[in-house]
Each structure stands twice: as structure tokens, then as C-alpha cells.
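I opened the model today to look through its sheets, its helix contacts and its cores. These are my notes as I went.

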Amino acid sequence: MTPAVRRCDVVVIGGGSAGLAAALASARTGAATLLVERHGYLGGMGTAALVHSFCGLYLLRTEPGAELANPGIPAQIEERMIEATGIGPRRYGRVDVLPQHPVEFARIADNLCAAEKTLDLSFHSELTGVERDADGWRLSIATRGGIQTTDAATLVDASGDAVVAGFLSIETVMMQANLLQRPAYVFGVCRPRSAEDHDPLLTAGRIVEGVRSGEVPDEALGLVFRASGRPWEMFGTIDLPGPADGGYDPLDPSCLGELERVGRAVATAAVRWLARKDPSWADAYISHWPLRAGVRESRRWRGEATLTGDDLLQSRRFDDETALATWPMEFRENTRGPRLRFPHTDDPCGIPAGCLKPAGMDRLFVAGRCISTDHDAQASIRVMGTCFATGEAAGTMAAAASGGSA
């Protein structure tokens, strides 16, 4: 018996920050919307990769008081996260960042989606094929139970890796391996002696001692720990250099798998060393691993418009802009920490609608880190606060283009 073909107005591929916002925005117009997510909960980098801060939510400023850059879904998620954690925005130099907890983010996403009657979720599902037809798109979606066929009037690629372009054999953009932003590996730590009062400089010095002794791998030199806001809990973050041969490829499963293996080995060695050598770390242990490494840059779409680093520097605005980019260009092309490049003023930069529309394609929209930008601009727009905004814009446009045909 041939399985029935499901029909939707809008299908969103990827349930990270951009895909979540796209699906919510689409469903709130009344469009029949399906969100396809490969893991068992939403949030992407903010949950599966344990990235524990929302960057890009706020305008750059010199005066006190964080001010949201984009209204709508970014503001709704910010409000719910502050209520959940009791922690408001924190100032670091010239930027404001909202600490977030991955557990709370997954719960917030669940609750937001449950409130939308025209939104369906397909967890543990992967897109395996895309075809264009007269009415829109025919999608093949793999689940543990088999392949499901879904027809959609419009489609949003919020995968982070431009996976739809890969299935359509459309030319995309990806930087050469040595210039790609390095991936992060984030892990949870339980530190019973207190997570809040640890001395970052002292910890860094201990790790240097461990590296010099040969008991801790060199990759641990950039390891940073931050308290989560919960008793005894911390997050550790390592920027991974990639393969020794320089062939880092965020689309290659063997490359990602090896990076994650290295991340676990480095984290284990570092925490064990600290527990042995520093009394304040006694009894500390790794409490949980991420589902995956935090990929910062991958394959991108070519759009009707392309946002550039010069646009960010000049704080350019556009007649058709759909969101504002406020985060500085944050380059992590090596493991020596971030290199920030700020605009000439604190004014935001607009993100044109054409960056969310693949060139030469209708009924297809893009959101998140794989929108049409150059390498420099991508270093700004990839953060979760901005991804919420481009996701909301893409979902709204997709719903309008669908015509409510389901």
C-alpha cells in the first residue's frame, strides 16, 4: 500500500533558532506548517550544541540599558528566557549578551510551538530529497519508520548548511577550509566546590601547566569556562582547530565525528587535570556532552542580494530590509580567540529580503547562517539573535507566497 502524500502550505527544514522562528511566523498567519528537525528537540546550536548565550539580540550602544534590535519573536524568546533563568542581559565591552540555558530553551521552544494549531513538528527526521513540481515542492523525509512524502507550496531552508541547495544541485558558496570559522565544542561540568566563584585567570594558568606537562592536549589552551547560573554547573568551550591537514569540512560526517572525538578527549583531560591540581576543582566532573559540535560557518546560498562586510561596516539600510544585524563581525578562523570588527558607528545594518531569496528560485526562502552573505558578513549574522529575526522574516514571506493552499 502506497503511503499517503502529506500536503502543507509551508515546510521548514531545520529547527534551530532560525527554523523555530520561521515555523512560528508561518503558523501564526494560519498557514499549515511542518517543521522538520533531525534531533528530538528544537533550538539547534542553542540546545544540541549547548551554545549558552544569545548574541545579536541587542543594538550596539554606548549608553546604559540594552535595547532589542528586532521586535516580534526575538523579543518573545528573550522575555521567556529571562523569566526562566532570572538572568538579564550582560555587558561585555561594547556588546550586550543574554545568557541562556539550553534546557530552558528547549522547553520554551516546545511551549511556543504547542500554542500554534497549524504547526506540526516532525522530530527525528531528515530531508533526503527535493523535487520541484507545478504546485511547489515534493519532499522525501526519512524517519526511523521509512520515507515519507510531503508536498509543500513553499519551502524554507533553515538547515544551517543549505541542504536544499545540495539536493537541487544548485551552486552555493563556501569558504576554503583554512578560512572557515572554527567550530566550538561545548560541554557541561559539575563543580561541587562552587561554579560561581572560579577564577578564570587561575584556571587558565593551571591548564597551561597541564599542557606544558604533556598531560593536557595543546587544544585545551583556548578552553573557557562559564557558570551556567545554576548551582554547581558550568559550561566549558573549546575552539577546535580542525584536522591536522587543514581539510576542515563541516559537511563531511567523518570530519565532524573526528572533531567531536577530539573535543571529548581534550575536555576530559583538562577537567581531570584541574580536579587533581586545583583544590577549588576537586570533585569536578563532566556532566554532559553536546549532541554535536557548534558549527559556525558552512555552505551558503547565492541570493537575489548578498550582504557584505562593507555593508556591516557602513551600517547600510535597505528599502526591502527584513531584519537588523547588530552583532560585530566575529571572526574565529583560528583557535586564538575571537577577532571582532565593529561597524564605524553603533547603528544597525539592514538585511535585504533578497538575502533570504535564492537567485532564480520562487517559493523558496532561506533563514539563519546560510542566507546569502559574504564571509565577513556571515561572521555577524550567524548568531542566534539575528537568526531569530531572519527566520521570522523567511517564515512570514513563505506563508504569504504559499497562498494557503493546503
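The entries below go topic by topic.

**Entry 1: status of the model**

I note at the start that this is a predicted model.

**Entry 2: strand β9 and its partners**

I began with strand β9, residues 146-157. Strand β1, residues 6-13, pairs with β9 in the parallel sense over seven bridges. I looked up one pair in this ladder: R6 has T150 of β9 as its bridge partner.

Next I checked strand β8, residues 136-143. Seven bridges join β8 to β9, and the two run antiparallel. They form a hairpin, with two residues between them. S140 of this hairpin stands opposite T149 in β9.

Strand β18, residues 364-366, also pairs with β9, in the parallel sense over three bridges. Here I picked out L155, whose bridge partner in β18 is L364.

**Entry 3: G129**

I found G129 in strand β7, residues 126-133. Is G129 buried or exposed? Its relative accessible area is 15%, and the cut-off for buried is under 20%, so G129 counts as buried. Beyond its neighbours within four places in sequence, G129 is in contact with R138, L139, S140 and F167. I also took a C-alpha to C-alpha distance: G129 and A142 lie 9.1 Å apart in space and 13 residues apart in sequence.

**Entry 4: the three-strand sheet**

I moved to an open sheet of three strands with antiparallel pairing, in the order β3-β5-β4. Why do β3 and β4 each have one side without a neighbour in the sheet? β3 (53-54) and β4 (90-92) are at the edges and have a single partner strand each, so one side of each stays free of a neighbour in the sheet.

β3 pairs with strand β5, residues 95-99, over two bridges in the antiparallel sense. F54 stands opposite L98 in β5. Helix α2, residues 73-85, packs on this sheet and touches β3 and β5. The direction of α2 makes about 60° with that of β5.

**Entry 5: the four-strand sheet**

A further open sheet has four strands in the order β11-β12-β10-β13, with antiparallel pairing. Its edge strands are β11 (224-227) and β13 (285-288), each pairing on one side only. The twist averages 40° from one strand to the next.

I followed the pairing of strand β10, residues 184-190, with β13. They run antiparallel and are joined by three bridges. C190 has Y285 in β13 as its bridge partner.

What lies across this sheet? I found helix α6, residues 253-277, lying across β10, β11, β12 (233-239) and β13. α6 runs at about 35° to β10.

**Entry 6: α1 against α9**

I then looked at helix α1 (residues 17-27) and helix α9 (residues 384-402). Their axes come within 7 Å and cross at roughly 35°. The crossing is right-handed. On the α1 side, the contact is made by S17, A18, A21, A22, A25 and S26. On the α9 side, the residues are M384, C387, F388, G391, E392, G395, T396 and A399. By class, I have eight nonpolar, five polar and one charged residues in this contact.

**Entry 7: nonpolar cores**

Nonpolar side chains in soluble globular proteins tend to be buried together. How many residues does the largest nonpolar core have? The figure is 74. The residues with the most contacts inside this core are V11, F54, L155, V156 and I351. α9 gives the most to this core, with nine residues.

I listed the neighbours of I351, leaving out residues up to four places away in sequence. Among them are L307, L324, L356, I371 and I381, and also D320, E321 and T390. Another core, of 28 residues, lies apart from the largest one. It includes F187, V211, I238 and V295.

**Entry 8: two positive phi values**

Most residues other than glycine have a negative phi. I noted two exceptions.

H124 is not a glycine, yet has a positive phi of about 50°. H124 sits in the loop between β6 (119-122) and β7. At 53% relative accessibility, H124 is exposed.

S315, also not a glycine, has a positive phi of about 50°. Its place is the loop between α7 (309-314) and β14 (321-325). S315 is buried, with a relative accessible area of 9%.

Definitions and conventions. Residues are numbered from 1 along each chain as its sequence is written. This is a predicted model: local features need pLDDT of at least 70, side-chain atom pairs count only at pLDDT 80 or more; totals for chains, interfaces and linings use all residues. Side-chain values use heavy atoms; hydrogens and water are left out. Axes are lines fitted to C-alpha atoms, for helices over the stretch in contact, and angles run from 0 to 180 degrees between N-to-C directions. A crossing is left-handed if the near helix is turned anticlockwise from the far one by less than a right angle, and right-handed if clockwise. Contact means heavy atoms within 4.5 Å. Ala, Val, Leu, Ile, Met, Phe, Trp, Tyr, Cys and Pro count as nonpolar, Asp, Glu, Lys and Arg as charged, and the others, Gly among them, as polar. A nonpolar core is a set of buried Ala, Val, Leu, Ile, Met, Phe, Trp, Tyr and Cys residues joined through side-chain atoms within 4.5 Å. Buried means under 20% relative accessible area, exposed over 50%, partly exposed in between (1.4 Å probe, protein chains only). Two strands pair if DSSP finds at least two bridges between them.
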